[in-house]
Each structure stands twice: as C-alpha cells, then as structure tokens.
Amino acid sequence: QEEVLANLAKVQHAGAVVIVSYPRIAGATGLPARVWVITEYERRRGKLSFEKAKADLEEKGLGDHVIVLNESSATVAEAAHALGVEPASIAKTLSVLQGEKPVLIVTEGTAKLDNHKYKSLFHIKAKMIPYDEVEAYVGHAPGGVCPFGVNEGVAVYLDESLRKFDTVYPAAGNGHTAVKLTLQELEAAAGAEGWVDVCKEPEGK
C-alpha cells in the first residue's frame, strides 16, 4: 500500500489527477478501490470530445439538455448512481465494426448484444471495436461514447430495448457527462439510421 501511495504522489506531482472509486455494493466492505490516473492529455482529450458532442447537440437545439457531473459516469452503474436513475434508463452506446465501418448501437443500459439477432439482421458476425481503437474509429473514447459529434461515416442505430422508457440518458463525449432526452429527441439528435432489435435484456426482466 505504501508503494502504491508513493507512486500516486509522483503522478499527482507530474500534473495528473488520481480518482479513487470505492465499490458501492451492500456488504462489500474490504473490497479494493479502483484507481485511475488521468493525465493532463487525457483530460484535454475528454474535454474536446465533450465539446464536440455538446456543439452537435446545440446545433439541434438540445444543448440545454446536457448534464455535467462531478461524479464519474463512465459505466452504466456509475452514471445511474450519479444521476439518481435506474441503470436500464442509461442509454448505453455499443461500438461495433462491420468490415472496416464503425457502427454505434444505442441500447438500454442493462441489455447486451444478442449475436444471433445481430447476425440475422446485418448478415455479419458482431465484432466489437477494440477498446484502444474506439476513439480513432468513433471520435469518443470509452466511458464517453455517444452518437453525438461522432466521426464522419459512423452509422447509428437505436435498439428496441430503449422503447420502454420515455426519457433516457446517453453520455455526452466523456465520463463525466450525460444528456437527458426523450426517445424522439434521441432519434433526431443521433441522426439514427433506424430502429433495430439486436439486444437481449437480463434474464428475469
């Protein structure tokens, strides 16, 4: 532990930000915290992604729907906690490749891609974009991926799992933002190609 703290002190001195996240699980005392080191470069990159997404939303008259959070919203669970909403209402954006073409599928927060449904619709096996290549393909890094302000040529689809909500909360370019949108607003803002049914919800839902 002393070695970890010493290393954290070094990166803080170098201008980085250290974020420590403790698990929010009932009865999980004693579990290790997760630690992220965010460099000045990463902070600026996240800010640029946010500015691109916000500018896109402002052009569509939805800039005032953007929410900037003090807490992390990089995962569905964190976003739901920060916003005080149920995890399923977080509009999660999946990044896949079809050949060399990046495709975004926006789904409800707890749903997962159904490989059989996906292949039946697109006639190609689902292939997630590798974590460290998402930003290059899409324009936003993991934790902030959303359908707003993305790179040219990125196709966007909305999954039917979202339809049970009147209001959903996608990210806005980085891991400390969200956007409160109705489904109609999301469809218009995302420039979606259309609605698809390629996800499955957790068992029991």
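**A walk outward from strand S7**

Let me begin with strand S7, where both faces are covered: Ala 155, Tyr 157 and Asp 159 on one side, and Val 156 and Leu 158 on the other, are all buried. I should say at once that we are looking at a predicted model, and everything that follows is computed from it. S7 runs from residue 155 to residue 159, and five of its five residues are buried, so that the strand is mostly covered.

What lies beside S7? On one hand there is strand S5, residues 101–108, which pairs with S7 in the parallel sense over four bridges, and within that pairing Ile 105 has Tyr 157 as its bridge partner. There is also strand S11, residues 194–196, which runs parallel to S7 and is joined to it by three bridges; here Asp 159 is partnered by Val 196.

Staying with S5 for a moment, I would like to pick out Val 103, which lies in that strand. Is Val 103 buried or exposed? Its relative accessible area is 1%, and because buried means under 20%, Val 103 counts as buried. If we leave aside neighbours within four places in sequence, Val 103 is in contact with Leu 94, Ser 95, Val 96, Gln 98, Ala 155 and Tyr 157, and the last two of those names belong to the S7 face I mentioned at the start. The C-alpha atoms of Val 103 and Thr 93, which are ten residues apart along the chain, are separated by 9.9 Å.

Now to the nonpolar cores. In soluble globular proteins, nonpolar side chains tend to be buried together. In this model the largest nonpolar core has 30 residues, and those with the most contacts inside it are Leu 57, Val 106, Phe 148, Leu 162, Val 168, Val 179 and Leu 186. Two or more residues come from each of helix H2 (40–59), strand S4 (91–98), S5, helix H5 (134–138), S7 and helix H6 (183–190), with H6 giving the largest share, four residues. As an example, Leu 186 touches Val 106, Phe 148, Leu 158, Leu 162, Val 168, Pro 170 and Leu 181, again not counting residues up to four places away in sequence. There is also a second, separate core of 14 residues, which includes Leu 94, Ala 126, Ala 155 and Val 196.

Let me turn to the second largest pocket, which holds about 420 Å³ of space. Which residues lie nearest its centre? Of the 25 residues that line this pocket, they are Ala 74, Lys 92, Thr 93, Gly 143 and Val 145. Helix H3 (76–83), S4 and strand S9 (177–179) each supply at least two residues of the lining, and the largest share, five residues, comes from S4. By character, the lining of the second largest pocket divides into 17 nonpolar residues, seven polar and one charged.

H3 itself deserves a word, since Val 76, Glu 78, Ala 79, Ala 80 and Leu 83 are buried in that helix, and just after H3, Gly 84 takes a positive phi of about 75°.

To close with the chain as a whole, the protein has six helices and twelve strands, and buried residues make up 41% of its 205 residues. Among contacts between residues at least 6 apart in sequence, 61% join residues at least 24 apart.

Methods
Residues numbered from 1 in each chain as written. Predicted model: local features only at pLDDT ≥ 70, side-chain atom pairs only at ≥ 80, totals over all residues. Heavy atoms only, no water. Buried < 20%, exposed > 50% of the residue type's maximum accessible area, 1.4 Å probe, protein only. Pairing = 2+ DSSP bridges. Core = buried A, V, L, I, M, F, W, Y, C linked by side-chain atoms within 4.5 Å. Contact = heavy atoms within 4.5 Å. 1 Å grid on protein atoms, 1.4 Å probe; cavity = no way out; pocket = protein on both sides within 12 Å on 5 of 7 lines; lining within 4 Å. Points joined across faces, edges and corners; volume = space filled by probe spheres on them. Nonpolar A, V, L, I, M, F, W, Y, C, P; charged D, E, K, R; others polar.
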